Amino acid sequence: MKNLILAISLIATVTAMSNKGPQEMQDSAQKHSARVFLGHERDYQDPGLTETKTLKVVGMSIKGFDTTSRLKINSAFNVLEKVVNSEEFKDRVINFKNTKGERAFASNKGLTNEEIYDIFMEGKETLQQDTAGEMNFFLKLYNSWWSRVIGYTSPDVNLININWKYFKTYRPSDVAGNLAHEWTHKIGFDHQSAAEHDSAPYAIGYIVDEMATAYLAGQIILH
Ligand SMILES: [Zn+2]
């Protein structure tokens, strides 16, 4: 029995590895919180110094989703749009604090938090430069019950793959956080590993998730 279990898990590992492209980013379902500098702190940056921009969330191609899943995706799109267009989102991105206590994202390509906010809100995906002001989503649901990967994408395609194993239990706020993470890859930001929780994809995903959760629970008003 032990040998059988070992053989099955080995097959699962090999399959997971062979599915993985060279630059593909696989994302862990483990959640962390995003720390930010507060108004009274010395390193706090006045977000009013950075121009506020707006983004429209657009579902371009949604594959493999049944009616219930589509409703969840639509709720996630709505709350994601509400969150990213808020002053509080801008404040949290600009004042994001990494694990070293610096006002910077990990793997930030030499860009400041303000510059990353600007690039995010430009809405120009690396592969789709002509859709400024839009977060364009190409999504496909797949089912991988053995995997701990919540979703994955690679730089050479628009497509974002979402694992049904996690999606089925997720609330719209969790999905919104995951979409924000994956879309941050689409605008050219990465993480060195699935443990780099203060990279732009992870941290922005956590910011969106936390804000969406509070907003949907009626705990915060967004404007
Ligand atoms: Zn990722």
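Helices, of at least four residues, and strands, of at least two, are runs assigned by DSSP and numbered from the N terminus. With these terms, the predicted model can be followed from its loops to its strands.

Lys-109 lies in the loop between helices H3 and H4. Although Lys-109 is not a glycine, its phi is positive, at about 55 degrees. A residue counts as exposed if 12 or fewer other C-beta atoms lie within 10 Å of its own; Lys-109 has 12 and is therefore exposed.

The loop between H3 (87–94) and H4 (113–122) also holds Ser-107. The phi of Ser-107 is near 50 degrees, again a positive value in a residue other than glycine. With 15 other C-beta atoms within 10 Å, Ser-107 is partly exposed.

The chain as a whole contains seven helices and five strands. Read from the N terminus, its elements follow the order α-β-β-α-α-α-β-β-β-α-α-α. Of the 223 residues in the chain, 34% are buried. Among contacts with a separation of 6 or more, 68% join residues 24 or more positions apart.

Where in the chain is a strand largely enclosed by the rest of the structure? Strand E4 occupies residues 149–153, and five of its five residues are buried, so the strand is largely enclosed in this way. E4 pairs with strand E5 (residues 159–163) in the antiparallel sense, over three bridges. Within this pairing, Gly-151 has Ile-162 of E5 as its bridge partner. The two strands, E4 and E5, form a hairpin, with five residues between them.

Methods
Residues are numbered from 1 along each chain as its sequence is written. This is a predicted model: local features need pLDDT of at least 70, side-chain atom pairs count only at pLDDT 80 or more; totals for chains, interfaces and linings use all residues. A residue is buried if 20 or more other C-beta atoms lie within 10 Å of its own, exposed if 12 or fewer, and partly exposed in between; C-beta atoms are placed from the backbone. Two residues are in contact if their C-beta atoms, placed from the backbone, lie within 7 Å. Two strands pair if DSSP finds at least two bridges between them.
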